[in-house]
Amino acid sequence: MTGTSVAPRRQSRQAIRIRERRRGRVRLITAISASTAVLMVAAGGWLYYEFNGNIDSFGAEGLSKNRPAAGFGGQNVLVIGSDSRSGDNARMGGGGDDFGRSDTAFLLHVYGDQKHAVAVSIPRDTLVDIPSCRLPDGTWTAPQSNEMFNSAFSVGRTAKGNPACTQNTVEKLTGLRVDHTVVVDFVGFSKMTSAVGGVNVCLPNDVYQGDLNPNLGSKGRLIFPKGPRTVSGQEALDYVRLRHGIGDGSDIGRIKRQQAFVASLIKKVKGQGFNPTTLLPLADAATKSMTVDPGLDSARKLLSFAMSLKDVDLHNTKFVTLPWQYQGNRVAIVHPDADALWEAIRNDRTIDGQNARGKQDDKPPAPSTAAPSPVSGSGIDVAVHNGTTTPGLAARAAETLKGSGFTVTGTANSRSHQGTATVIGYGPGQHDHAQTVARLFPGAELRPSGTPGIIVTLGRTYATAPTPAEPTTPAQAPTAVPTQVAGTARSADDDVCSNLSYG
């Protein structure tokens with residue numbers, strides 16, 4: 001009896017000890033899990049606090065009160081590269097004035113389906129109209145016409161520039177609402193390239209110190225050998241700022257290489273994956289040297305925006321340049337090509353005409369209030385000269401002008417034959433009227449003149465056109481941008497050594 005009763009008691013005590021050990025392990029695991037969760041929350045909170053403390057933003061009080069309507073689901077982000085020499089930037093970009101200047105700008109449109117995107121580079125020397133902009137003392141400037149695009153960022157001559165003025169200028173230029181604006185300076189750019197472990201680039205030929213700094217007075221040492229390489233930090237900055245020694249040494253050529261660089265950077269980040277290992281160092285570097293609009297002024301807002309881009313396909317990420325042509329040593333916008341590009345973006349259509357609004361149907365959206373209106377020449381006097389050997393062109397162009405309400409003051413043959421392009425000469429105070437005339441002559445070059453009035457001198461492109469240019473109407477959104485724009489587009493998955501320079 002006694003032996004029989006002892007065994008169950010031992011088994012009972014053993015079972016109790018096992019249950020207590022299990023409960024102890026459960027309590028330990030629970031404590032560890034809770035502690036880990038607390039630490040993760042604390043770390044996440046610290047990171048957000050740290051990143052929030054890094055972010056600098058500009059106030060919305062400088063934005064225009066007369067802005068375009070919002071789009072159909074996509075979003076537009078204006079990215080500005082500032083070459084201010086203030087603070088640490090002087091060490092990286094050389095000495096000079098300490099007010100903010102813009103050397104690079106592009107408008108990134110992320111389509112409504114969040115699988116397509118297009119970045120439109122705006123050459124810094126493009127002649128544009130700058131609307132009224134707010135100065136640091138709270139007053140507003142008078143609107144300016146026929147000014148270089150990059151001068152908008154310098155309005156007020158402050159160390160951090162005037163991103164609100166540039167945003168106002170882009171909205172007036174494009175008729176598109178800019179949802180966000182991001183300014184990146186030298187230091188921020190350099191740190192971001194280092195944070196991702198360098199960016200793959202390519203040089204079409206050898207580049208020397210004298211190419212980077214023409215004032216050096218000599219060829220100097222070789223800094224970039226021809227061919228592919230990986231750059232980061234100061235070397236990456238030198239690459240994107242390089243103008244001379246490649247192609248024709250123009251800003252347009254530099255834009256080509258900058259587009260290739262941004263495409264390569266996007267490819268690198270997507271290749272590493274949208275994960276904390278990739279994004280946290282990049283976010284830390286970016287937020288320390290960026291200035292953003294109020295809509296992106298927190299770590300959560302920036303992270304949310306970054307994650308919205310994770311499904312954008314590399315091949316469907318395109319880079320184009322605003323349709324342009326030289327006007328002396330400046331850049332003029334080519335109409336109506338530029339109008340077609342902005343209208344396609346407004347309607348969330350890709351540069352090859354696809355509907356990318358992310359909807360099941362393909363019905364065209366209702367006409368936008370910002371859509372181009374028919375050309376109206378009421379109150380504008382124009383003279384027409386035939387600059388070709390083809391007879392009857394001046395009369396043909398005159399009828400086109402009259403059909404749009406222009407007053408044709410006379411037609412004549414030009415004393416000398418015009419070149420390929422049609423030229424629209426305009427006198428003092430006639431720039432806006434000349435732009436209206438240019439809408440009827442695609443590819444025409446605008447030239448200021450000391451002579452009053454507007455004179456259209458027809459070139460060979462007009463002579464070979466099958467029919468006169470017709471006014472743009474808002475009845476139907478264009479299905480695709482002109483082939484001369486789409487045909488020169490770069491995709492983010494293109495070979496890094498392709499299409500690197502203009503000229």
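**Stop 1: Q327**

Select Q327 and show what surrounds it: leaving aside neighbours within four places in sequence, Q327 is in contact with L127, A332, Y426, E445, L446, R447 and P448. This is a predicted model. Q327 belongs to strand β14, which covers residues 324-327. Is Q327 buried or exposed? Its relative accessible area is 9%, so Q327 is buried. Now add L127 from that contact list. L127 and Q327 are 200 residues apart along the chain, yet 9.0 Å separates their C-alpha atoms.

**Stop 2: the five-stranded sheet**

Four of the contacts of Q327, namely E445, L446, R447 and P448, lead to β19 (445-448). Select the sheet that contains β19. The sheet is open, has five strands and runs in the order β17-β16-β20-β18-β19. Its pairing is mixed. Which strands stand at the edges? They are β17 (407-413) and β19 (445-448). Each has a single partner strand, so one side of each is left without a neighbour in the sheet. Look along the sheet for its twist: neighbouring strands are turned by 20 degrees against each other on average, direction ignored.

Next, isolate β16 (residues 381-386) and β20 (residues 454-458). These two strands pair in the parallel sense, over four bridges. To find one bridge, label A383 and I455: I455 in β20 is the bridge partner of A383.

**Stop 3: the helix across the sheet**

Keep the sheet on screen and add helix α12, residues 431-438. Which strands does α12 lie across? They are β16, β18 (423-426), β19 and β20. Set the helix against β18: α12 runs at about 160 degrees to that strand.

**Stop 4: α6 against α7**

Move to helix α6 (residues 233-241) and helix α7 (residues 251-272). Two packed helices are described by the angle between their axes and the distance between the axes. Here the axes come within 8 Å and cross at roughly 140 degrees. The two helices, α6 and α7, are therefore oblique to each other.

Show side chains at the contact. From α6, select A236, Y239, V240 and R241; from α7, select R254, R257, Q258 and F261. Colour them by character: the residues of this contact divide into four nonpolar, one polar and three charged.

**Stop 5: A285**

Go on to helix α8, residues 276-287, and pick A285. Relative accessibility is 7% at A285, so this residue counts as buried. What does A285 touch, leaving aside its neighbours within four places in sequence? The contacts are G188, K191, M192 and A195. Now add N54: A285 and N54 are 231 residues apart along the chain, and their C-alpha atoms are separated by 9.3 Å.

**Stop 6: low-confidence stretches**

Colour the chain by pLDDT. Select residues 33-46, where pLDDT stays under 50. For this stretch, the model has zero contacts beyond four places in sequence. Then select residues 467-479. There too pLDDT stays under 50, but the model has 34 contacts beyond four places in sequence.

**Last stop: the whole chain**

Zoom out. The chain averages a pLDDT of 81, and 79% of the residues score at least 70. How many helices and strands are there? The secondary structure comes to 14 helices and 21 strands. Of the 503 residues, 46% count as buried. Among contacts in the chain with a separation of 6 or more, 72% are between residues 24 or more positions apart.

Technical notes
Residues numbered from 1 in each chain as written. Predicted model: local features only at pLDDT ≥ 70, side-chain atom pairs only at ≥ 80, totals over all residues. Heavy atoms only, no water. Buried < 20%, exposed > 50% of the residue type's maximum accessible area, 1.4 Å probe, protein only. Contact = heavy atoms within 4.5 Å. Axes fitted to C-alpha atoms, helices over the stretch in contact; angles between N-to-C directions. Parallel < 35°, antiparallel > 145°, perpendicular 65-115°, else oblique. Nonpolar A, V, L, I, M, F, W, Y, C, P; charged D, E, K, R; others polar. pLDDT = per-residue confidence, 0-100. Pairing = 2+ DSSP bridges.
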